[in-house]
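Thanks for coming, everyone. I'll take a few minutes to walk through one structure, strand by strand, and then the empty spaces. Please have the picture open in front of you.

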Amino acid sequence: MDLGIAGRKALVCAASKGLGRGCAEALAQADVDVTILARTPEDVRKAAEEIGERAGRTVAWIACDITTPDGRAQALAACREPDILINNAGGPPPGDFRDFDRDAWIRAIDANMLTPIELIKATIDGMIARKFGRIVNITSSAVKAPIDVLGLSNGARSGLTGFVGGLARKVARDNVTINNLLPGSFETDRLRSTMAARAKAGGKTIDDAMAEARTRIPAVRFGTPAEFGALCAFLCSVHAGYIVGQNVLIDGGAYPGTF
């Protein structure tokens, strides 16, 4: 399928690995002019080179901390007036909420709620003026089915979800869509850290915890960044203009509800 976004400009956050990288790869393969960012120069440079080689096009990169005002300014200078924005940031650490102090909560809210909002604020008017924009926020299945050890993530990402729900309906008339992608268990470093916390709490090895987690997923496996990226790219396509303010769950069937 031709996604109809060749030549569009995309800024993809936290894209040196994991789900962000999966999104960047899918967009680059759709002939989008992609700029990726991450904190570690060596990692993001290498990722850009590898993605570009596979897609047969140049992928721009910048090393910055997107959770800071300076980092956001650098990112937006590197990719001016993006048509596509993929908001993504590393999730806050798992743990018992009793151990989270105010600073931990502020860091989580800054990274997983306020940073995406600031990036949306900085880019959405340009999208409205050009009558095309696609914003995808990578959140978590925990927004729909909270995970006990992810209290910081549950709270911060749910706040972003509520904000997006209101804004998305205001800008849809200008062919600007905002949607959230809610990943379940994917083969990423984040998954291993969460599994490690569960294993420790349950007195198990991480391998045993991961094997047990697979059996609870109807697909009996973890997802791959490539299939996540493919869904993200579709939401960014010209074919997805009627998908507005949705929380799209991609979890192998793990969520047991109908709605």
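**Strands, spaces and cysteines**

Start with β4, where Val 12 has Ile 86 as its bridge partner. Before I go on, a caution: this is a predicted model.

Stay with β4 for a moment. The chain leaves β4, passes through α4 and arrives at β5, and this β-α-β crossover is right-handed. β4 and β5 run parallel, with four bridges between them. One pairing to find on your screen: Ile 84 has Arg 134 in β5 as its bridge partner.

Which residues of β4 are buried on its two sides? Ile 84 and Ile 86 sit on one side, Leu 85 and Asn 87 on the other. All of them are buried, so both faces of β4 are covered. Now the other neighbour of β4. That is β1, residues 9-12, and the two strands run parallel, joined by three bridges. Ala 10 takes Ile 84 in β4 as its bridge partner.

β1 also pairs with β2, residues 33-38. Those two run parallel as well, and four bridges hold the pairing. Look for Lys 9, which stands opposite Asp 33 in β2. Between these strands comes a helix: β1, α1 (residues 18-29) and β2 form a right-handed β-α-β unit.

Let's go the other way, past β5. Six bridges join β5 to β6, and the strands run parallel. Here Asn 137 stands opposite Asn 180 in β6. β5, α5 and β6 make another β-α-β unit, and this unit is right-handed.

How many of the eight residues of β6 are buried? Eight of the eight, so β6, residues 176-183, is largely enclosed by the rest of the structure. The side chains split by direction. Val 176, Ile 178, Asn 180 and Leu 182 point one way. Thr 177, Asn 179, Leu 181 and Pro 183 point the other way. All of these are buried.

β6 then pairs with β7, residues 247-250. Four bridges join them, and they run parallel. The pairing to look at is Leu 181, which stands opposite Val 248 in β7.

One loop deserves a stop. Ala 142 lies between β5 and α5, in the loop. Is Ala 142 buried or exposed? Its relative accessibility is 1%, so Ala 142 counts as buried. Now look across to Ser 153, eleven residues apart from Ala 142 along the chain. Their C-alpha atoms are separated by 7.7 Å.

On to the empty spaces. Rolling a probe the size of a water molecule over the atoms shows where empty space is left.

Across the whole structure, the search finds one cavity of 30 Å³ or more. The largest cavity holds about 90 Å³ of space. It has 15 lining residues, and the closest to its centre are Asn 87, Asn 88, Ala 89, Ala 111 and Pro 116. You met Asn 87 a moment ago, among the buried residues of β4. Which elements give two or more residues to this lining? They are α4 (102-130), β5 (133-138) and α5 (151-171). α4 supplies the largest share, five residues. By class, the lining of the largest cavity has eight nonpolar, six polar and one charged residues.

Next, the second largest pocket. About 230 Å³ of space lies there. Again 15 residues line the space, and the closest to the centre are Ala 197, Arg 198, Ala 199, Ala 201 and Gly 202. Two elements give two or more residues to this lining: α6 (189-202) and α7 (206-215). α6 gives the most, with six residues. The classes here are seven nonpolar, two polar and six charged.

Last topic: cysteines. How many disulfides does a search of the whole structure find? Zero. Take Cys 13, which is in no disulfide. The nearest cysteine sulfur to Cys 13 belongs to Cys 64, 7.8 Å away. Cys 13 has a relative accessible area of 1%, so this residue is buried. Cys 79 is in no disulfide either. For Cys 79, the nearest cysteine sulfur is that of Cys 13, at 9.7 Å. Cys 79 is buried too, because its relative accessible area is 4%, and the cut-off for buried is under 20%.

That's my tour. Questions, please.

Terms used
Residues numbered from 1 in each chain as written. Predicted model: local features only at pLDDT ≥ 70, side-chain atom pairs only at ≥ 80, totals over all residues. Heavy atoms only, no water. 1 Å grid on protein atoms, 1.4 Å probe; cavity = no way out; pocket = protein on both sides within 12 Å on 5 of 7 lines; lining within 4 Å. Points joined across faces, edges and corners; volume = space filled by probe spheres on them. Nonpolar A, V, L, I, M, F, W, Y, C, P; charged D, E, K, R; others polar. Disulfide = S-S within 2.5 Å. Buried < 20%, exposed > 50% of the residue type's maximum accessible area, 1.4 Å probe, protein only. Pairing = 2+ DSSP bridges. Right-handed = clockwise from strand over helix to strand, strands pointing away.
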